[in-house]
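Visitor: I am new to this structure and would like to know how its labels are justified. Please set each value against its rule.

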Amino acid sequence: MNNNLGWHALALLVVCIWGSTFVASKILLLAGLSPAQIMTIRFLIAWLLMLPWCHRRLITNLKDELYFMALGLSGGSLYFLAENTAVQLASATSTVALLVCTTPIITALINRLVYKTEHLSSRFLLGSLIALCGVSLVVFNGVFVLDDDPLVIILSIGASVTWAIYCLIIRKLERRYSSAVITRKVFFWGVITMLPVIFFEDLDLRILTDPTVITTACFLAIIASLGCFLAWNIVLRRLGVVVTGNYLYFNPVTSLITAYLVLNEHITWLAIVGCFLTIAGVYLCNKKKRGKN
């Protein structure tokens with residue numbers, strides 16, 4: 001790609017796929033798999049598929065391996081456990097969806113604290129506010145219900161913080177390792193750090209013989225995990241943490257459209273307005289000053 005437009009398009013494609021995975025996850029949950037089992041299966045399959053063509057540097061030095069383990073925790077086990085546990089506890093899942101969508105602004109703020117040279121422009125802050133307002137309309141979809149359970153709020157924000165940490169740790173490793181190596185390490189340590197949870201859960205192996213479960217799990221592993229994590233890590237390298245993170249605002253938009261197409265869920269005019277506000281906000285966040293590329 002000779003210009004950044006291609007990388008922006010790739011970031012949007014990844015988020016669109018991630019936004020649609022809630023339908024796939026719901027299918028597996030209804031089949032009898034737990035959130036931890038779903039994450040472990042999709043990461044394990046993705047890791048095994050990467051080994052034949054990305055088998056170098058399986059072991060690095062201790063310091064970097066600790067960084068990779070932190071990636072597996074923040075972008076894998078901790079993130080999925082925090083988000084899915086919040087969804088299970090919440091009386092209104094819209095609360096979780098809305099709070100998790102604060103990830104871009106949390107990422108930008110942490111990035112600003114860690115890297116003092118990073119500056120958050122007034123254009124970025126205004127765009128984030130507009131996008132977040134748009135996301136709110138999309139998430140509630142005409143039904144404004146909030147959950148006031150403190151644990152749900154803590155877990156939801158915790159999921160946003162862990163993903164922000166994931167993106168920032170990659171900045172420390174991207175100069176020394178390829179995106180493929182980093183992605184493979186994320187899958188490996190994501191599975192390893194989830195094992196203590198899996199150990200205490202029961203799994204009916206007959207579930208894994210169901211054709212629908214197999215097809216859905218392969219989609220989550222090959223497309224949503226292997227393909228999307230690899231693409232996301234490449235885009236992080238090309239566009240930066242803050243710019244790439246802004247595309248996460250599109251997650252609820254894609255989820256809304258997928259729910260309409262697959263689950264026949266109703267879309268209100270408020271949600272449609274929210275979609276346009278989200279697009280406008282992200283555009284404003286990523287718009288460069290006149291004279292810059």
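Guide: This is a predicted model. Leaving aside neighbours within four places in sequence, D64 is in contact with L173, R176 and Y177.

Visitor: What makes these residues contacts of D64?

Guide: Contact means heavy atoms within 4.5 Å. L173, R176 and Y177 are the residues that D64 touches on that rule, once neighbours up to four places away are set aside. D64 itself is found in helix α3.

Visitor: Why is D64 called buried?

Guide: Buried means under 20% relative accessible area. D64 has 4%, so D64 is buried.

Visitor: How do you know that D64 and R176 form a salt bridge?

Guide: The rule asks for a side-chain nitrogen of Lys or Arg within 4 Å of a carboxyl oxygen of Asp or Glu. The closest N and O atoms of D64 and R176 are 2.8 Å apart, so the pair is a salt bridge. D64 lies in helix α3 (residues 62-89) and R176 in the loop between α7 (150-173) and α8 (179-198), so the pair ties together parts that are 112 residues apart in sequence.

Visitor: Why is R176 called partly exposed?

Guide: Partly exposed covers values between the 20% and 50% cut-offs. R176 has a relative accessible area of 42%, so R176 is partly exposed.

Visitor: How many salt bridges are there by this rule?

Guide: The count comes to three. One of them joins K185 and E65, whose closest N and O atoms are 2.8 Å apart. That pair links distant parts of the chain, with K185 in helix α8 and E65 in helix α3, 120 residues apart. Both K185 and E65 are buried. Another salt bridge is formed by the side chains of R206 and D204, at 3.1 Å from N to O.

Visitor: Why is R206 called exposed, and why is D204 called partly exposed?

Guide: Exposed means over 50% relative accessible area. R206 has 64%, so R206 counts as exposed. D204 has 34%, which lies between the two cut-offs, so D204 counts as partly exposed.

Visitor: Why is F68 called buried?

Guide: F68 has a relative accessibility of 0%, which is under 20%, so F68 counts as buried. F68 is found in helix α3. Apart from neighbours within four places in sequence, F68 is in contact with T60, L173, Y177, I182, K185 and W189. The C-alpha atoms of F68 and T183 are separated by 9.4 Å, and these residues are 115 apart along the chain.

Visitor: Which residues touch the most other members of the largest nonpolar core?

Guide: They are W18, L71, W163, Y166 and W232, in a core of 78 residues. Helix α9 (residues 211-239) gives the largest share of this core, twelve residues. Among the residues that W232 touches, beyond four places in sequence, are W18, W163 and Y166. Others on the list include A11, V14, T244 and L248.

Visitor: What makes L49 fit a nonpolar surface patch?

Guide: Patch residues need over 30% relative accessible area and no salt bridge, and Leu is among the nonpolar side chains allowed. L49 is partly exposed at 37%, so L49 passes the area cut-off. With I222 and I223, L49 makes a patch of about 230 Å². L49 lies in helix α2 (residues 35-50).

Key:
Residues numbered from 1 in each chain as written. Predicted model: local features only at pLDDT ≥ 70, side-chain atom pairs only at ≥ 80, totals over all residues. Heavy atoms only, no water. Patch = residues over 30% accessible without salt bridge, like charges linked within 9 Å, V, L, I, M, F, W, Y side chains within 5 Å. Areas by Shrake-Rupley, 256 points an atom, 1.4 Å probe, with all protein chains shown as cover. Helix = DSSP H or I, 4+ residues; strand = E, 2+ residues; numbered from the N terminus. Buried < 20%, exposed > 50% of the residue type's maximum accessible area, 1.4 Å probe, protein only. Core = buried A, V, L, I, M, F, W, Y, C linked by side-chain atoms within 4.5 Å.
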